[in-house]
Amino acid sequence: MPVDSRPSVRVSFCHTTLMVGPPKTLQDLRRIEAAVRVTCRACGRVHLLDREELIAQRMNERRSCEWPIVRADLSCRACHEPNVRVDGVPFAENAVELRQRRSTMLMINLSLVVLDQAARQSARERPAEEAVRLALRVLHPHVADNAMLTEFWRQAMDRKEMVYCHPQLVIRWIVGRLVARGYAVWAELR
Ligand SMILES: [Zn+2]
């Protein structure tokens with residue numbers, strides 16, 4: 001990827017309108033829906049890392065998510081040079097766009113939490129229909145795959161047949177689809 005030469009979205013958390021003060025942790029980057037940008041000082045390549053993927057990976061490996069430690073740990077994915085510059089790149093350039101994005105991501109993530117709770121509950125009893133319907137409706141335009149959402153309903157709500165895949169598995173498909181479409185699903189839900 002060539003060095004990003006766009007008229008800079010100012011990124012190093014001097015972004016006063018979008019975020020006050022530097023982040024303490026990777027999770028703090030959620031406040032500005034930021035991705036993590038690694039710029040190699042040796043080869044000049046720029047990589048944009050998925051923030052939530054990075055959080056999930058570090059939590060799995062029981063490594064710190066503190067921002068200064070993360071910054072020090074990252075190296076160039078192309079030439080493995082440790083001398084890199086690491087910034088959080090905010091999703092939006094202005095507060096309005098950012099608010100919209102945050103509100104969309106909150107609705108999506110909360111809907112996934114509702115589906116997750118319904119999936120767990122469905123092992124014992126039928127989950128509340130209204131909550132699941134609302135969550136599926138919120139997810140619909142973002143997942144853009146009717147079959148996947150219908151499958152969740154079938155597995156969690158219409159479990160007449162004994163042969164079923166666990167609804168949690170369907171949630172994994174939905175999350176995978178959202179991530180592939182560029183949505184920053186919280187690491188805890190991946
Ligand atoms: Zn490099």
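Let's start in the loop between strand 1 (35-40) and strand 2 (46-49), which is where you'll find Ala42. Keep in mind that this is a predicted model. From that loop we'll move on to the largest nonpolar core, a set of 34 residues, and then to the way helix 4 and helix 6 pack.

**Ala42 and its surroundings**
- Ala42 counts as partly exposed because 14 other C-beta atoms lie within 10 Å, a number between the 12 or fewer of an exposed residue and the 20 or more of a buried one.
- Skip its neighbours within four places in sequence, and Ala42 is in contact with Cys76, Cys79, Glu81 and Asn83.
- Take Asn83: Ala42 is 41 residues away from Asn83 in sequence, yet the two sit 7.1 Å apart in space, C-alpha to C-alpha.

**The largest nonpolar core**
- Leu115, Leu139, Phe152, Ile171 and Ile174 have the most contacts inside this core.
- Two or more residues each come from strand 1, helix 2 (67-73), helix 3 (95-121), helix 4 (129-143), helix 5 (146-156) and helix 6 (167-180).
- Helix 3 gives the largest share, six residues.
- Both domain 1 (26-92) and domain 2 (96-189) put in at least three residues.
- Leaving out neighbours within four places in sequence, Leu115 touches Val132, Ala135, Phe152 and Ile171.

**Helix 4 against helix 6**
- The axes of helix 4 and helix 6 are 10 Å apart and cross at an angle of about 45 degrees, so helix 4 is oblique to helix 6.
- On the helix 4 side, Leu139, His142 and Val143 meet Ile174, Arg177 and Leu178 of helix 6.
- Sorted by class, that contact has four nonpolar residues, one polar and one charged.

Terms used
Residues numbered from 1 in each chain as written. Predicted model: local features only at pLDDT ≥ 70, side-chain atom pairs only at ≥ 80, totals over all residues. Helix = DSSP H or I, 4+ residues; strand = E, 2+ residues; numbered from the N terminus. Contact = placed C-beta atoms within 7 Å. Core = buried A, V, L, I, M, F, W, Y, C linked by C-beta atoms within 7 Å. Domains from an automatic or database assignment. Axes fitted to C-alpha atoms, helices over the stretch in contact; angles between N-to-C directions. Parallel < 35°, antiparallel > 145°, perpendicular 65-115°, else oblique. Nonpolar A, V, L, I, M, F, W, Y, C, P; charged D, E, K, R; others polar.
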